[in-house]
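Work through the exercises below with the sequence and the model side by side. Try each task before reading its solution.

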Amino acid sequence: MDLDFDDATVAFRDEVRSWLTTNVPAEPLPSFDTAEGFAAHRRWEGKLADAGLAAVSWPAEFGGRDATLLQWVLFEEEYYAAGAPLRVNQNGLFMLAPTLFSHGTDEQRARILPAMARSERVWAQAWSEPEAGSDIAALRSTASRVEGGWRLSGQKTWSSRAAFADSAFGLFRSDPGSERHRGLTYLMFDLHAPGVTVRPIPQLDGEPGFAEIFLDEVFVPDADVIGEPGQGWRVAMTTANNERGLSLRSPGRFLSAADALVGLWDREDGAAGTTADRVVDAWIGARAYQLYTFGTVTRLQEGGELGPESSVNKLFWSHLDVGMHETALDLLGPRGELVGPDAPDGGRWPAGYLFSLAGPIYGGTDQIQRNTIAERLLGLPRGAR
């Protein structure tokens, strides 16, 4: 890939940098795992949308900027470098939206994407079930055909953002006689519809970053089926590949964390031995991920697709994230347990560490990723389940 960016790309990057410098809040917004913080992040997303920066790679007709994938990667780098707020609608922007672009109808894109870009409608991911976490093909929630649509029944759990979100998307078994990956349908549904009960799940910090969703004969119209009924697994792989491979965890996130880690090491007057090596390894890992993503962008711009290679990507960034935060906490020693505004770096390291521990789990556990790599990339025989 040619890393000498053209004039349009440089101008776009400079515009984004200038806007963020002027508009990023001076103080961090409250956590979006609280009602107050969720509302504040909605307002921030609306401000981004007013500037045409909420979803830069989307077509302008849906609230985007028609930016190239490379420009989107650079936008993400600038966004994280500026310390801008986390994206409250990341499930919609980075997982559902790519799925709609690949499998949705024109009507669905026109109806859903503009409101998503402004976070007037925030989306939750409703995939995991009590007996179907990483093995999503074991799901039991059902979609029964009725006149004009479907009736959804069952339970979803560990649904990100569901405590305060407006809508959700997920897979349901629409063929009662089917097993595993067959007979599944991908549907969107309103979290405030009759028959839906949302029960927040407190995290370690006590805030409801997740929720259980109970569905009791919830009606969903045919217009909210993505792709063909019964072909939901194929549609879901588009969502999963984006979650693991490009959209959800852009290099900007890790470049920013690596730079902060280097700054921390410098302020702590350095450290001898393995800690210094680990700081260097983290910085190199973040740069390697950046270059790898540039390669992915090149492949996609040449007509390629995100495939099972995304599992390699997911394994890499999830462990990079854990390693960086562990190194930071080792550098800080006992002060690494402090949180709040008076803690080192505002307490970002212990909070980030707790979140990073979920990386090897959500989006498919390490074991699932390694199975995918072994079977679909290396051609090894399928292991016993």
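Four exercises on helices and their surroundings follow.

This is a predicted model, where local features need pLDDT of at least 70, side-chain atom pairs count only at pLDDT 80 or more, and totals for chains, interfaces and linings use all residues. Residues are numbered from 1 along each chain as its sequence is written, and side-chain values use heavy atoms, with hydrogens and water left out.

**Exercise 1. Compare the span of H4 with its expected length, then locate its kink and judge its burial.**

Step 1. Helices are DSSP runs of H or I with at least four residues, numbered from the N terminus. H4 covers residues 90-103, 14 residues in total.
Step 2. The expected span is 1.5 Å times one less than the number of residues. For H4 that gives 20 Å, and the distance from first to last C-alpha is 19 Å, close to it.
Step 3. Look for a bend, the angle between axes fitted to the seven residues ending at a residue and the seven starting there. H4 has a kink of about 35 degrees at Leu96, shortly before Pro98.
Step 4. Count buried residues (under 20% relative accessible area; exposed is over 50%, partly exposed in between; 1.4 Å probe, protein chains only). In H4, 12 of the 14 are buried, so the rest of the structure largely encloses this helix. Among them are Leu96, Pro98 and His103.

**Exercise 2. Repeat the length and burial checks for H9.**

Step 1. H9 has 24 residues and should span 34 Å; its end C-alpha atoms lie 36 Å apart, which agrees.
Step 2. Of these 24 residues, 17 are buried, so H9 is largely enclosed by the rest of the structure.
Step 3. Move just past the helix: Gly333 takes a positive phi of about 65 degrees.

**Exercise 3. Is His325 buried or exposed, and which residues does His325 touch?**

Step 1. Place the residue: His325 sits in H9.
Step 2. Its relative accessible area is 6%, so His325 is buried.
Step 3. List contacts (heavy atoms within 4.5 Å). Leaving out residues up to four places away in sequence, His325 touches Arg348, Trp349, Gly352, Tyr353 and Ser356.

**Exercise 4. Place Trp265, classify its exposure and relate Trp265 to Thr68.**

Step 1. Trp265 belongs to helix H7, residues 251-267.
Step 2. Its relative accessibility is 27%, so Trp265 counts as partly exposed.
Step 3. Trp265 and Thr68 are 197 residues apart in sequence, and their C-alpha atoms are 36 Å apart in space.

Note on methods:
Helix = DSSP H or I, 4+ residues; strand = E, 2+ residues; numbered from the N terminus.
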